[in-house]
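Here are some short exercises to work through with the model open beside you. Try each task before you read its solution.

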Amino acid sequence: METPKTIAHEIGGIQNDALRFGLHGVKSDLVGAHPLETTYQSAKKNREEMSRKILANTYGSAFPLKMDLDRQILSRFQRPPGPISSSMLGLEAYTGRLDDFGFEDYLNDPRESETFRTPDMHHGMEVRLGLSKGPVCPSFM
């Protein structure tokens, strides 16, 4: 019986392929986000819960469930990994995020940065199909 001639890249469940996924930083795991970012996220969550309650009281309890189903369906449609990213236009229109003015509208999209790595389409499809592990693409150099 022959032994496999591959070396596992996982140690303790952590992906350790530094050439493909970059160096792992511990600081981002320990230190939380900026306090304003956490406040913004919690306010956004509270706003969504409040709108769900209002819709349930107005149109019945099935309406928010139908909206969640539609949101799940629209979040699935996306392009394969590659140079053109998915815009998720249907989901943005459905959730009302088309009207939001985010940082990428006035500070440029981070994907247009000079330090952005172009995604490897083959590895991205392997991750999507469950043949490989790790992020679809490392984002920055």
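**Exercise 1.** Find the salt bridge that Asp68 forms with Arg71 and work out how far apart the two residues sit along their helix.

*Solution.* Start with the rule: a salt bridge needs a side-chain nitrogen of Lys or Arg within 4 Å of a carboxyl oxygen of Asp or Glu. In this predicted model, the closest N and O atoms of Asp68 and Arg71 are 3.3 Å apart. Next, look at the spacing: the two are three residues apart in helix α4, so about one helical turn separates them. Helices here are DSSP runs of H or I with at least four residues, strands are runs of E with at least two, and both are numbered from the N terminus. Finally, check the exposure of Arg71: at 33% relative accessibility, Arg71 counts as partly exposed. For that scale, buried means under 20% relative accessible area, exposed means over 50%, and partly exposed lies in between (1.4 Å probe, protein chains only).

A word on the ground rules: residues are numbered from 1 along each chain as its sequence is written, and side-chain values use heavy atoms, with hydrogens and water left out. Because the model is predicted, local features need pLDDT of at least 70 and side-chain atom pairs count only at pLDDT 80 or more, while totals for chains, interfaces and linings use all residues.

**Exercise 2.** Which residue of helix α3 forms a salt bridge with Asp68, and which residues make up the network?

*Solution.* The partner is Arg52, with closest N and O atoms 2.6 Å apart. Asp68 lies in helix α4 (residues 62-76) and Arg52 in helix α3 (residues 35-59), so this pair ties together parts that are 16 residues apart in sequence. Now join the two bridges: Arg52, Asp68 and Arg71 are linked in a network of salt bridges. As for exposure, Asp68 is partly exposed at 23%, and Arg52 is partly exposed at 33%.

**Exercise 3.** How many salt bridges are there by this rule, and which residue pairs with Lys66?

*Solution.* The count comes to three. Lys66 pairs with Asp70, the closest N and O atoms being 3.0 Å apart. These residues are four apart in helix α4, so they too are separated by about one helical turn. Both are partly exposed: Asp70 has a relative accessible area of 22%, and Lys66 has 48%.

**Exercise 4.** Compare the span of α3 with its expected value, then see what follows the helix.

*Solution.* First take the expected span, which is 1.5 Å times one less than the number of residues. With 25 residues, α3 reaches 36 Å from its first C-alpha to its last, close to the 36 Å expected. Then step past the end: Gly60 follows α3 and has a positive phi, near 105 degrees.

**Exercise 5.** Find the aromatic pair and decide whether it is stacked, edge-to-face or tilted.

*Solution.* Rings of Phe, Tyr and Trp (its six-membered ring) pair if their centres lie within 6.5 Å; planes under 30 degrees apart count as stacked, over 60 as edge-to-face and the rest as tilted. A search of the whole structure finds one pair. The ring centres of Tyr59 and Phe63 are 5.1 Å apart and the planes meet at 45 degrees, so the pair is tilted. Tyr59 is exposed at 57%, whereas Phe63 is partly exposed at 30%.
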